[in-house]
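Student: Could you take me on a close look at the aromatic rings in this model? I would like to see how they pair and what surrounds them.

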Amino acid sequence: QMAFNSAPARVDKATYHRMVAATPQCIKDVSACNTPGFPYMKCLAALQYCNFNLVMPYQSTGYNVYDMRVKCGDNPLCYDFTDVDKYLNSDRVKKYLGVNKKWE
């Protein structure tokens, strides 16, 4: 609802109505996944259905899923992880973790 009711709307009316229509099935599929024994195929079906119908329509707009005011630009994850890469590749951290590989 936020994607449509925000100002400006991030998805058009037709996309919004498709997302609303898909929500009950998504809830049903996630509920089927949350049963004892971890039914892998039901969980996979829920993941695929919900992502395709509820997440991807918004992500395809190019706006950040955590901050609707911000366009993602060239980075599909919407954030610059350069500092994280530097930190994880520092000699101090690699020594502490006992690893020799470069973080990528």
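Tutor: Happy to; here is a walk through the aromatic rings and their neighbours. This is a predicted model, so to speak, in which local features need pLDDT of at least 70, side-chain atom pairs count only at pLDDT 80 or more, and totals for chains, interfaces and linings use all residues. Residues are numbered from 1 along each chain as its sequence is written, and side-chain values use heavy atoms, leaving out hydrogens and water.

Rings of Phe, Tyr and Trp (its six-membered ring) pair if their centres lie within 6.5 Å; planes under 30 degrees apart count as stacked, over 60 as edge-to-face and the rest as tilted. By this rule there are two aromatic pairs. Phe 4 and Tyr 16 are stacked, 4.5 Å centre to centre with 15° between the planes. Tyr 16 is buried at 15% relative accessible area, while Phe 4 is partly exposed at 25% (buried means under 20%, exposed over 50%, partly exposed in between, with a 1.4 Å probe and protein chains only). Tyr 79 and Phe 81 make the edge-to-face pair, 6.5 Å centre to centre with 70° between the planes. Both count as partly exposed: Tyr 79 at 36%, Phe 81 at 38%.

Tyr 63 has a charged neighbour: the charged end of Arg 10 sits over its ring, 3.7 Å from the centre (NZ of Lys or CZ of Arg within 6 Å of the ring centre and within 35 degrees of the ring normal). Tyr 63 also touches Tyr 58 and Met 68, among others, not counting residues up to four places away in sequence (contact means heavy atoms within 4.5 Å).
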